[in-house]
Structure formats: structure tokens, C-alpha cells
Amino acid sequence: MDIVNSIVTLPSLGMSKNSPTPVVEKVEEEEIVVNEDKLKHTITKKEWSKIPKYNKHIGMDGIHYVMKYDDKIGTYLQGVKIEG
């Protein structure tokens, strides 16, 4: 056995001894809780649509973010609540 084979078959790398392909484990999805009560800023859908695409973001948790600037910390994402 050479060094390359011993490195590839290590269980810590997610490999099995019989196959050179990674072992994939099924992971259940976690439920994401969105706490929109903590969002202090609200904007309308019309205001959201007027913001350029590169200055807004929707996170994996479903919260809408707008890029803001502060002299002390620079740019940051501010969470906002979208109202109808």
C-alpha cells in the first residue's frame, strides 16, 4: 500500500475502504425560525423594488437585507421588514 491509497481511504475524510467515492450521509433539514419582530426598519414593496439589485439581499432565513454605510464600521446589511 502506498501513501496515496492510505490517505484516500481514511474514514475521517468521509471515504469507505471499498470505494474511492465519498460516502454521503443523509442529513435532515432543520426548521428555520424567522423572528421578524426584532426588525426595526420597515419599507414598502415599492421602495424595495426601487433599490438597485446589488444593494439588497434576501437571506436563507427569508429576511430581506439592504446594504447601508456607516463611517465607523463601513458597509453592513440592515435587516428590513417588507410591508404590502
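Three residues: that is what the hairpin from strand 3 to strand 4 passes through. Keep in mind that this is a predicted model. Strand 4 covers residues 74-83. Strand 3 and strand 4 run antiparallel, with seven bridges joining them. Let me pick out two of the facing pairs. Aspartate 70 stands opposite glycine 74 in strand 4. Lysine 68 stands opposite tyrosine 76, also in strand 4.

Now go back along the chain. Strand 3, residues 64-70, pairs with strand 2 as well. That pairing is antiparallel too, over three bridges. Look at isoleucine 58: across from it stands histidine 64 in strand 3. Strand 2 and strand 3 also form a hairpin, and here five residues sit between the strands. Find glycine 62 in that hairpin. Its phi is positive, near 90°.

What about strand 1? Strand 1 is residues 41-44, and four bridges join it to strand 4. These two run parallel. For one pair, take threonine 44: its bridge partner in strand 4 is glutamate 83. A general point while you look at strands: in a regular strand, side chains alternate between the two faces of the sheet.

Step back to the whole chain. It has two helices and four strands. In sequence order, the pattern reads α-β-α-β-β-β.

Next, the inside. Which residues make up the largest nonpolar core? There are five: Ile43, Trp48, Ile51, Val66 and Val80. Take tryptophan 48 from that list. Set aside its neighbours within four places in sequence. Tryptophan 48 still contacts Ile43, Val66 and Val80, among others. Its contacts also include Lys56, His57 and Ile58, then His64 and Tyr65, and Ile82. Over the whole chain of 84 residues, 15% count as buried.

Now the outside. Tyrosine 54 lies in the loop between helix 2, residues 45-50, and strand 2, residues 56-58. Is tyrosine 54 buried or exposed? Its relative accessibility is 66%, so tyrosine 54 counts as exposed; the cut-off for exposed is over 50%. Compare its position with methionine 67. The two are 13 residues apart in sequence, and their C-alpha atoms are 8.5 Å apart in space. For the chain as a whole, the exposed area is about 7700 Å². Carbon and sulfur atoms supply 54% of that area.

A word on contacts across the chain. Take those between residues at least 6 apart in sequence. Of these, 33% join residues at least 24 apart.

Last, confidence. The chain averages a pLDDT of 76, and 56% of the residues score at least 70. Which element has the lowest mean pLDDT, and which the highest? Helix 1, residues 3-8, has the lowest, at 49. Helix 2 has the highest, at 95. Over residues 5-10 the pLDDT is below 50. Beyond near neighbours in sequence, that stretch has six contacts in the model. Where pLDDT is low, the predicted coordinates should not be read in detail.

Notes. Residues numbered from 1 in each chain as written. Predicted model: local features only at pLDDT ≥ 70, side-chain atom pairs only at ≥ 80, totals over all residues. Heavy atoms only, no water. Core = buried A, V, L, I, M, F, W, Y, C linked by side-chain atoms within 4.5 Å. Buried < 20%, exposed > 50% of the residue type's maximum accessible area, 1.4 Å probe, protein only. Contact = heavy atoms within 4.5 Å. pLDDT = per-residue confidence, 0-100. Pairing = 2+ DSSP bridges. Areas by Shrake-Rupley, 256 points an atom, 1.4 Å probe, with all protein chains shown as cover.
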